[in-house]
Amino acid sequence: MVDMDKIVSLCKRRGFIFQSSEIYGGTGSCWDYGPLGVELKNNVKRLWWRDCVQSRSDMVGLDASILMHPRVWRASGHLDHFTDPMVDCRACKRRFRADKIDEEEWVHYCEATKGNRFTIPGGQACKHCHHLRSLCPACGKGELTEARQFNLMFKTFMGPVEDDAALTYLRPETAQGIFVNFDNVLQSMRMKLPFGIAQIGKAFRNEITPGNFTFRTREFEQMEIEFFVMPGTDEEWHQRWIDERFAWYPRYGMRKENLRLREHGKDELAHYAKRTADILKQHAQFSGTALEYFDEESKQKLVPYVIEPSAGADRATLAFLVDAYHEEEVREEKRVVLRFHAELAPLKIAVLPLLKKNNRIVETAKQLTADLRRRWHAVYDDTASIGRLYRRQDEVGTPFCVTVDVQTVGDEKAAADDKVTIRDRDTMEQVRVPIDNLEPVMTELMAGHWSAVACRLGLIKN
Ligand SMILES: [Zn+2]
Ligand SMILES: [Zn+2]
């Protein structure tokens, strides 16, 4: 098990994820992706898009706006039902989810012990007076209000006038943008069932109890798919999508033992494909636009069933981060390494000069960085000794380091050999490659062929 605090601390120290508005004390459960974090998350989204949209003939993409017509949320049921029951403390004004409040630890001033203050685990009674919690769990003093339904959608106003007519919402899910565009996509792209529409975008939920780093946040990014099928084929498609999505994470290095499938019950499944079809019907009714599909074979109009094999961009990013994190002993020192798949790694190559006072080495290394940058995200770093530079790159998951040394550029004693050293992050093995050959070798390495390359070129001893 990886200690989450270590991940959070590494994320901040190495520019993956920062607390939002940190210099103002932070905003609750909002996070900013730093220079390396945005690269990682963009890679997750790019691979998902490539695999789920571009490489399939039955999928197309969409990017709907975040602000939608308010009636969308009436039709989808979010205005009436996207709520949590909340209670408020009359004393400290804190707000709690009525259905979760008994899971929280609670503060208790015990009359059986002269009013001493205790903190008692959620659901348990006081050992002294045997009372269960009845007051506010946080302050231990305030009475709680009756439960009220609290809508999780963020409200805002469209246009210059802040009245009810201008009230609208930040979308709590990206799916509705797909549903309301069903007919547009169907007609413009001449789609035939089964087909899917995918989109990546932000969604907002005013969660009362967010937490666990970027796992549950109020603003998050979804990678959504609505896959429309003929009624009756939904169970088969549901299974195909489970298999497809389940195979996706290991393709980019996630260990299978870290993946778990939460199986839907049969009833749950039937209800769910039907439920998404009902949303299309609701939008048809509320908007007055038919959202139907004309089946050429039966010459009948029908409302398709919908499979929703969606994923969270932030959650997938966090999962890849946690899965990649390793600590190991190397020469009696701790090495922290993020074993990212090369396609996910924020930086692909670091070019390091062995001596930063040697101008020829530095110039060659900088020129090499510029050349490599045309194809890969490469960086140049000369701000520490080579050992430290390697460790820094290990810690952010850079798959390969390229080192320029005296032999590369030559000196009074020996002519330049025009070769550089490539070091592999995971094995820490090294090979020496002619600069002219660096690009094709790197291409091979990025495809995951270190051992073949090492075998051909021979490892160098160090
Ligand atoms: Zn209170
Ligand atoms: Zn007590």
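This is a short selection-by-selection tour of a predicted model.

**Stop 1: the main core.** Select V44, F179, F227, V306, I349, V351 and V402. These residues have the most contacts inside the largest nonpolar core, which has 77 residues. Now add helix α9, residues 313-324. This helix gives the most to the core: six residues. Next, colour by domain. Domain 1 (34-75 + 167-318) and domain 3 (347-457) each supply at least three residues to this core.

**Stop 2: a single residue.** Keep V44 and hide the other core residues. What is V44 in contact with, leaving aside its neighbours within four places in sequence? Show A313, A316, T317, F320 and L344: these are its contacts.

**Stop 3: a separate core.** Select C89, F96, C136 and L144. They are among the five residues of another core, which lies apart from the one that includes V44.

**Stop 4: the sheet.** Switch to cartoon view and select β5, β4 and β8. These three strands form an open sheet, in the order β5-β4-β8, with antiparallel pairing. In general, strands of a sheet pair through backbone hydrogen bonds. Which strands are at the edges? They are β5 (95-97) and β8 (148-151), and each pairs on one side only. Look at the twist: neighbouring strands are turned by 50° against each other on average, direction ignored.

**Stop 5: one strand pair.** Zoom in on β4, residues 83-88. Four bridges join β4 to β8, and the two run antiparallel. To see a bridge, pick T83 and then N151, its partner in β8.

Terms used. Residues numbered from 1 in each chain as written. Chains lettered and ligands numbered in written order. Predicted model: local features only at pLDDT ≥ 70, side-chain atom pairs only at ≥ 80, totals over all residues. Core = buried A, V, L, I, M, F, W, Y, C linked by C-beta atoms within 7 Å. Buried ≥ 20, exposed ≤ 12 C-beta atoms within 10 Å, placed from the backbone. Domains from an automatic or database assignment. Contact = placed C-beta atoms within 7 Å. Pairing = 2+ DSSP bridges. Axes fitted to C-alpha atoms, helices over the stretch in contact; angles between N-to-C directions.
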